[in-house]
Amino acid sequence: REARASKESGRATLGIPTGLADLDRTLNGFNPGLYVMGGSPGVGKTSLALQWAMKAAEEVPVVYVTYENSPSNLTLKAIGRLANISPSDVDRGVADLAKLQEGAADFGKIAHRLAFVEGTASTTTASIQGQARQAMARHGARRCLVIVDYLQRMAHANGSGYGTLRENVSALTLGLRKLATQLDSPVLAISSLSRGVNNYAHPTLEALKESGDLEFTADVVLLLGKREDVLGKGPRRMVDLEVAKNRFGEADRKVGLSFNPALGDFAQEARE
């Protein structure tokens, strides 16, 4: 019934759309389950997760738990992306005020469905579930998107009583997958890569081996890598998002993206 309604309404995906056509075709959007996105430091994981959160908030509530950036910083990044203004220009006081106001107005259209939650030692999967259910009830939604940025920081801040970070990550991963089932919604967890990875440009599932059972517990694993041998045009650089694991469909697929680090904006690679 949902698939038929989706088709009749003109939606391209049954799940929550990512806004990236090739990725949506591969994943059919974000569906209930645990999604893990890994990548090297600075490759743009937070920017991409934030972009997905903004797209999802056009339709459903989003709870974004952040251990890396403050909620105010994420808000500034979101407004800057919509205004086509670098947050650093705002910090230096050289941003175009009119464009910034336009970006803030656009952000206001989704802000009521987008909650940035600062992660602390008291943040648990139970507390996240409570916030998600409140957001779903407030908006009369049957599903939501939960994002944890990022997995190892949450495990370190609020361990599960085990002796090592790896064991805590494994326990937390199981908890997040259970959370996805309880909410009947997608949960996206950002993950760091193993310290011994030889090739950050082309990470594989092996890059998650220090994170316990992460690669086995996750329903979908996405790996973001720099394309070192291809130069971007202007301020953009080329990256590949690989669907390394996909319980819901096709895997071993790469989606080419261009990334503007100054604006935190990803676009699908132009096809020739």
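**Figure 1. Asp184, a partly exposed loop residue in the predicted model.** In this predicted model, Asp184 has a relative accessible area of 44% and is therefore classed as partly exposed, a class that lies between the buried limit of 20% and the exposed limit of 50%. The residue belongs to the loop that links helix H9 and strand E5 (186–191). Its backbone deserves attention: phi of Asp184 is near 50 degrees, which is a positive value in a residue other than glycine. Most residues other than glycine have a negative phi.

**Figure 2. Asn84, a second loop residue with positive phi.** Asn84 is placed in the loop between H4 and helix H5 (87–92). Phi of Asn84 is near 60 degrees, again positive although the residue is not glycine. With 47% relative accessibility, Asn84 counts as partly exposed.

**Figure 3. The cis peptide bond between Asp149 and Tyr150.** The bond leading from Asp149 to Tyr150 is cis, and its omega is near 5 degrees. Most peptide bonds are trans. Tyr150 occupies the loop between strand E4 (145–149) and helix H8 (151–157).

**Figure 4. Packing of helices H7 and H9.** Two packed helices are described by the angle between their axes and the distance between the axes. For helix H7 (residues 125–139) and helix H9 (residues 165–183), the axes come within 10 Å and cross at roughly 20 degrees. Angles under 35 degrees count as roughly parallel, so H7 is roughly parallel to H9. The crossing of H7 past H9 is right-handed. On the H7 side the contact involves Thr125, Ile128, Gln129, Ala132, Arg133 and Met136, while H9 brings Leu172, Gly175, Leu176, Leu179, Gln182 and Leu183. Of the residues in this contact, 7 are nonpolar, 4 are polar and 1 is charged.

**Figure 5. Packing of helices H4 and H6.** Helix H4 (residues 71–83) packs against helix H6 (residues 97–111) at an angle of about 110 degrees, and the two axes are 8 Å apart. The range from 65 to 115 degrees counts as roughly perpendicular, so H4 is roughly perpendicular to H6. H4 crosses H6 in a right-handed manner. The residues that meet are Thr75, Ala78, Ile79, Leu82 and Ala83 from H4, and Lys99, Leu100, Gly103, Ala104, Asp106 and Phe107 from H6. By type, the contact of H4 with H6 contains 7 nonpolar, 2 polar and 2 charged residues.

**Figure 6. Surroundings of Thr173 in helix H9.** Thr173 is situated in helix H9. Its relative accessible area is 1%, and Thr173 is therefore buried, the limit for this class being 20%. When neighbours within four places in sequence are left aside, Thr173 is in contact with Leu34, Leu151, Leu214 and Thr217.

**Figure 7. The largest nonpolar core and the contacts of Trp52.** The largest nonpolar core comprises 43 residues, of which Leu23, Met37, Leu48, Trp52, Leu222 and Leu241 touch the most other members. Helix H3 (residues 45–56) gives the most to this core, contributing 7 residues. Apart from neighbours within four places in sequence, Trp52 is in contact with Thr18, Leu20, Leu23, Phe30, Met37, Leu145, Leu188, Leu222 and Leu241. A second core, separate from this one, has 31 residues, including Ile128, Val169, Leu193 and Ala244.

**Figure 8. Leu223 in strand E6 and its partners.** Leu223 is part of strand E6 (residues 220–226). With a relative accessible area of 2%, Leu223 is buried. Setting aside neighbours within four places in sequence, Leu223 is in contact with Gly38, Pro203, Thr204, Leu205, Asp240, Leu241, Glu242 and Ala244. The C-alpha atoms of Leu223 and Lys254 are separated by 9.2 Å, although these residues stand 31 residues apart along the chain.

**Figure 9. The protein chain as the setting of the close-up views.** The protein chain contains 10 helices and 9 strands. Of its 272 residues, 50% count as buried. Among contacts between residues at least 6 apart in sequence, 64% join residues at least 24 apart.

Conventions:
Residues numbered from 1 in each chain as written. Predicted model: local features only at pLDDT ≥ 70, side-chain atom pairs only at ≥ 80, totals over all residues. Heavy atoms only, no water. Axes fitted to C-alpha atoms, helices over the stretch in contact; angles between N-to-C directions. Helix = DSSP H or I, 4+ residues; strand = E, 2+ residues; numbered from the N terminus. Parallel < 35°, antiparallel > 145°, perpendicular 65-115°, else oblique. Left-handed = near helix turned anticlockwise from the far one by under 90°. Contact = heavy atoms within 4.5 Å. Nonpolar A, V, L, I, M, F, W, Y, C, P; charged D, E, K, R; others polar. Buried < 20%, exposed > 50% of the residue type's maximum accessible area, 1.4 Å probe, protein only. Core = buried A, V, L, I, M, F, W, Y, C linked by side-chain atoms within 4.5 Å.
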